[in-house]
Amino acid sequence: MFEIRPDSVLRLDGHEDWVEGVCVSPDGKWILSVSLDDTRRVWDAETGALADTIRVNGHPREVVLRGSRVWVSCQDSTVCGYEFSP
């Protein structure tokens, strides 16, 4: 069992609809999120600062970071790949 201290919680504000997927870069420096607001966002994992936003059509549902590519699966049955360079 572990305890979460309130001062250790990093809150990422910015999406305007449900967040559907989140992943962390292998080096732990970046957090990627996708939302039904049709955006993919990149956050600084240490500070929580928003580093990048890209509009993604099709209601993104999941996000995966593999190498230098971000893969986003969408509710409209599409998968989009983006170059990751924060």
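In this predicted model, V79 is found in strand β7, which covers residues 79-83. V79 has a relative accessible area of 57%, so this residue counts as exposed, the cut-off for that label being over 50%. V79 also has company out there: together with V64 and W71, V79 makes a nonpolar surface patch of about 280 Å².

Strand β7 turns up again in a salt bridge. Here the side chains of R69 and E83 meet, with an N to O distance of 3.6 Å. R69 lies in strand β6 and E83 in strand β7, so the pair ties together parts that are 14 residues apart in sequence. Neither partner is hidden away: R69 is partly exposed at 30% relative accessibility, and E83 is partly exposed too, at 47%.

On the inside, things look greasier. In soluble globular proteins, nonpolar side chains tend to be buried together. The largest nonpolar core here has 13 residues, and the members that touch the most others are L32, V63, L65, V70, V72 and F84. Three strands, β2 (30-35), β5 (60-66) and β6 (69-74), each supply at least two residues of this core. As for F84, setting aside residues up to four places away in sequence, its contacts are W30, L32, V42, L65, S68, R69 and V70. R69 from the salt bridge with E83 is thus one of the residues that F84 touches.

Next comes T39, whose place is in strand β3 (residues 39-44). With a relative accessibility of just 2%, T39 is buried, given that the label needs a value under 20%. Its side chain still finds polar partners: there is a polar contact of 3.1 Å with the side chain of H15, and another of 2.5 Å with the side chain of D37. Once neighbours within four places in sequence are left aside, T39 is in contact with H15, S33, V34, T53, I54, R55, V56 and P60.

D37 has a charged partner as well, since its side chain meets that of R41 in a salt bridge (3.8 Å, N to O). Both ends of this bridge are tucked in: R41 is buried with a relative accessible area of 10%, and D37 is buried at 11%. Elsewhere, D13 and R11 bring their side chains together in a salt bridge of 2.8 Å, again N to O. R11 counts as exposed, at 65% relative accessibility. Altogether, the count of salt bridges comes to five, among them the R69 and E83 pair.

Conventions: Residues are numbered from 1 along each chain as its sequence is written. This is a predicted model: local features need pLDDT of at least 70, side-chain atom pairs count only at pLDDT 80 or more; totals for chains, interfaces and linings use all residues. Side-chain values use heavy atoms; hydrogens and water are left out. A nonpolar core is a set of buried Ala, Val, Leu, Ile, Met, Phe, Trp, Tyr and Cys residues joined through side-chain atoms within 4.5 Å. Buried means under 20% relative accessible area, exposed over 50%, partly exposed in between (1.4 Å probe, protein chains only). Helices (H or I, at least four residues) and strands (E, at least two) are DSSP runs, numbered from the N terminus. Contact means heavy atoms within 4.5 Å. Patches are made of residues with over 30% relative accessible area and no salt bridge: like charges are joined within 9 Å, nonpolar side chains (Val, Leu, Ile, Met, Phe, Trp, Tyr) within 5 Å. Accessible areas come from the Shrake-Rupley method with a 1.4 Å probe; for residues, only the protein chains shown count as cover. A salt bridge is a side-chain nitrogen of Lys or Arg within 4 Å of a carboxyl oxygen of Asp or Glu. A polar contact is a pair of N or O atoms within 3.5 Å; within protein, one must be able to donate a hydrogen and the other to accept it, and residues adjacent in sequence count only if both atoms are side-chain atoms.
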